[in-house]
Amino acid sequence: MGKRELYIEQRLQQAQQDGVVCLCKQVSDRKIRKAVQAGHRRFVSVKRITGAASSCGLCQPFVEDIIEEEKKKMR
Ligand code: FES
């Protein structure tokens, strides 16, 4: 395994341990939930505040699911 592959592998393992949802911006599940609890109930707002899904965008469905889940808890 080359240095680059090793680096990527280590970053992925660390991200899983830290509960990172958005790999590009290293935004965790916890940070997204905190943003929702602080009153950011819409995806665009959470994106602006946390930076989640503001690069490749592949994590957007996961971020949206977390927002919905957190909103349900608050009802
Ligand atoms: S993984 Fe979130 S923007 Fe790329």
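# Glu70 and the contact of helix 2 with helix 4

Biologist: Glu70 is found in helix 4 of this predicted model. Does Glu70 count as buried or exposed?

Modeller: The relative accessibility of Glu70 is 4%, and a residue is called buried when its relative accessible area is under 20%. The value for Glu70 falls under that cut-off, and therefore the residue counts as buried.

Biologist: Leaving aside the neighbours within four places in sequence, with which residues is Glu70 in contact?

Modeller: Contact here asks for heavy atoms within 4.5 Å. Once the neighbours within four places in sequence are set aside, the contacts of Glu70 are Arg33, Val36 and Gln37.

Biologist: With which residue does Glu70 form a salt bridge that links distant parts of the chain?

Modeller: In general, side chains of opposite charge can pair when their charged atoms come close. For this pair, the closest N and O atoms are 2.7 Å apart, and a salt bridge needs them within 4 Å. Glu70 lies in helix 4 and its partner in helix 2, with the two positions 37 residues apart in the numbering. The partner of Glu70 is Arg33.

Biologist: Which residue of helix 2 also forms a salt bridge with Arg33, four residues apart from it?

Modeller: The closest N and O atoms of this second pair are 2.6 Å apart, and both residues lie in helix 2, about one turn of the helix from each other. Arg33 is buried, with a relative accessible area of 15%, whereas its partner is partly exposed at 24%. That partner is Asp29.

Biologist: Which residues are linked in a network of salt bridges?

Modeller: The pairs already described share Arg33, which forms a salt bridge with Asp29 and another with Glu70. The network takes in these residues together with others, and its full membership is Asp29, Arg33, Glu69, Glu70 and Lys73.

Biologist: With which residue does Glu68 form a salt bridge?

Modeller: Glu68 is partly exposed, at 37% relative accessibility, and the closest N and O atoms of its pair are 3.2 Å apart. Both members of the pair lie in helix 4, three residues apart, which is about one turn of the helix. The residue that pairs with Glu68 is Lys71.

Biologist: How many salt bridges does the count come to?

Modeller: The rule looks for a side-chain nitrogen of Lys or Arg within 4 Å of a carboxyl oxygen of Asp or Glu. Among the pairs that satisfy it are Arg33 with Asp29 and Glu68 with Lys71. By this rule the number of salt bridges is five.

Biologist: Are helix 2 and helix 4 parallel, perpendicular or oblique to each other?

Modeller: The axes of helix 2, residues 29-37, and helix 4, residues 60-74, come within 9 Å and cross at roughly 50 degrees. Angles under 35 degrees count as roughly parallel and those from 65 to 115 as roughly perpendicular. The crossing of helix 2 and helix 4 falls in neither range, so the two helices are oblique.

Biologist: In the contact of helix 2 with helix 4, how many residues are nonpolar, how many polar and how many charged?

Modeller: On the side of helix 2, Asp29, Ile32, Arg33, Val36 and Gln37 take part, and they meet residues of helix 4 including Val63, Ile66, Ile67 and Glu70. Sorted by type, the residues of this contact come to six nonpolar, one polar and six charged.

Biologist: Ile67 lies in helix 4; what is its relative accessible area?

Modeller: Leaving aside its neighbours within four places in sequence, Ile67 is in contact with Ile32, Val36, Arg41, Arg42, Phe43 and Val46. Ile67 is buried, and its relative accessible area is 2%.

Biologist: Thr50 has its place in helix 3; leaving aside its neighbours within four places in sequence, with which residues is Thr50 in contact?

Modeller: Thr50 is buried, with a relative accessible area of 9%. Its C-alpha atom is separated by 15 Å from that of Pro61, which is 11 residues away along the chain. With the neighbours within four places set aside, the residues in contact with Thr50 are Val27, Lys31 and Ala35.

Biologist: Read along the sequence, which pattern of helices and strands does the chain follow?

Modeller: There are four helices and two strands in the chain, and 31% of its 75 residues count as buried. Read along the sequence, these elements give the pattern α-β-β-α-α-α.

Note on methods:
Residues are numbered from 1 along each chain as its sequence is written. This is a predicted model: local features need pLDDT of at least 70, side-chain atom pairs count only at pLDDT 80 or more; totals for chains, interfaces and linings use all residues. Side-chain values use heavy atoms; hydrogens and water are left out. Axes are lines fitted to C-alpha atoms, for helices over the stretch in contact, and angles run from 0 to 180 degrees between N-to-C directions. Angles under 35 degrees count as roughly parallel, over 145 as roughly antiparallel, 65 to 115 as roughly perpendicular and the rest as oblique. Ala, Val, Leu, Ile, Met, Phe, Trp, Tyr, Cys and Pro count as nonpolar, Asp, Glu, Lys and Arg as charged, and the others, Gly among them, as polar. Buried means under 20% relative accessible area, exposed over 50%, partly exposed in between (1.4 Å probe, protein chains only).
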